[in-house]
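This report describes the fold, the core and a few individual residues of one protein chain. The sequence and coordinates come first, and the description follows.

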Amino acid sequence: MAAGMQLRQVVVSRGAPGGRPQRILDVAACDIAPGSRVAIMGPGGAGKSTFARVIARLEHDSVGSVQWYIAPGGAAPLIGRPVVFVPQRADTAMSCNTVR
């Protein structure tokens with residue numbers, strides 16, 4: 001596995017309480033090579049922000065696998081490498097973290 005990031009069978013579903021869940025993101029497979037610049041594009045409601053929240057580990061309603069790697073063959077986890085995430089709403093940017 002030479003990808004900088006690998007997603008497998010990632011699904012995010014949401015629904016109203018007591019209602020039927022609706023699948024809002026479904027990624028069967030996605031590999032992004034180290035050093036790549038990637039643009040996620042699509043119409044409103046297509047899941048772009050949800051995808052970004054999944055890879056930033058801010059989306060807690062997802063199932064599947066998200067792996068980050070820096071070494072060829074996927075031997076080492078991504079640590080200390082620059083990743084940019086621009087949230088759609090400022091109030092969710094630090095929802096699961098504490099700044100000290």
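Of the 100 residues of the protein, 24% count as buried. The model is a predicted one. About 7,200 Å² of the protein is exposed, and carbon and sulfur atoms supply 54% of that area. Among contacts between residues at least 6 apart in sequence, 55% join residues at least 24 apart.

**Elements and sheet**

The protein has one helix and three strands, which run β-β-α-β from the N terminus on. The three strands form an open sheet in the order 2-1-3, with antiparallel pairing. Strand 2 and strand 3 stand at the edges with a single partner strand each, so one side of each has no neighbour in the sheet. From one strand to the next, the twist averages 10 degrees. In general, the strands of a sheet pair through backbone hydrogen bonds, in a parallel or an antiparallel sense. Here, strand 1 and strand 3 pair in the antiparallel sense over six bridges. Leu-7 has Val-66 in strand 3 as its bridge partner.

Helix 1 lies across strand 1, strand 2 and strand 3, and runs at about 125 degrees to strand 1. After helix 1 comes Arg-57, whose phi is positive, near 60 degrees.

**Core**

The largest nonpolar core has 12 residues: Met-5, Leu-7, Val-10, Val-12, Leu-25, Val-27, Ile-32, Phe-51, Val-54, Ile-55, Val-66 and Trp-68. Two or more residues of this core come from each of strand 1 (5-14), strand 2 (22-32), helix 1 (48-55) and strand 3 (62-68). Strand 1 gives the most, with four residues.

Which residues of helix 1 are buried? They are Thr-50, Phe-51, Ala-52, Val-54 and Ile-55. Their cover includes strand 1, strand 2 and strand 3. Leaving aside residues up to four places away in sequence, Ile-55 touches Met-5, Leu-7, Val-66 and Trp-68. The contacts of Ile-55 thus include Leu-7 and Val-66, and these two residues are bridge partners.

**Two loop residues**

Gly-45 and Glu-59 are both loop residues, Gly-45 between strand 2 and helix 1 and Glu-59 between helix 1 and strand 3. Their accessibilities are set out below.

| Residue | Loop | Relative accessibility | Class |
|---|---|---|---|
| Gly-45 | strand 2 to helix 1 | 81% | exposed |
| Glu-59 | helix 1 to strand 3 | 7% | buried |

Why does Gly-45 count as exposed? Its relative accessibility is 81%, and the class takes in residues over 50%. The C-alpha atoms of Gly-45 and Leu-25 are separated by 9.8 Å, with the two residues 20 apart along the chain.

Glu-59 counts as buried because its relative accessibility is 7%, where the cut-off is under 20%. What does Glu-59 touch, not counting residues up to four places away in sequence? The list is Val-12, Arg-14, Thr-50, Arg-53 and Val-54. With one of these, Arg-14, the side chain of Glu-59 makes a polar contact of 2.6 Å. Two others, Val-12 and Val-54, belong to the largest nonpolar core, and Thr-50 is one of the buried residues of helix 1.

How values were computed:
Residues are numbered from 1 along each chain as its sequence is written. This is a predicted model: local features need pLDDT of at least 70, side-chain atom pairs count only at pLDDT 80 or more; totals for chains, interfaces and linings use all residues. Side-chain values use heavy atoms; hydrogens and water are left out. A nonpolar core is a set of buried Ala, Val, Leu, Ile, Met, Phe, Trp, Tyr and Cys residues joined through side-chain atoms within 4.5 Å. Buried means under 20% relative accessible area, exposed over 50%, partly exposed in between (1.4 Å probe, protein chains only). Contact means heavy atoms within 4.5 Å. A polar contact is a pair of N or O atoms within 3.5 Å; within protein, one must be able to donate a hydrogen and the other to accept it, and residues adjacent in sequence count only if both atoms are side-chain atoms. Accessible areas come from the Shrake-Rupley method with a 1.4 Å probe; for residues, only the protein chains shown count as cover. Two strands pair if DSSP finds at least two bridges between them. Axes are lines fitted to C-alpha atoms, for helices over the stretch in contact, and angles run from 0 to 180 degrees between N-to-C directions.
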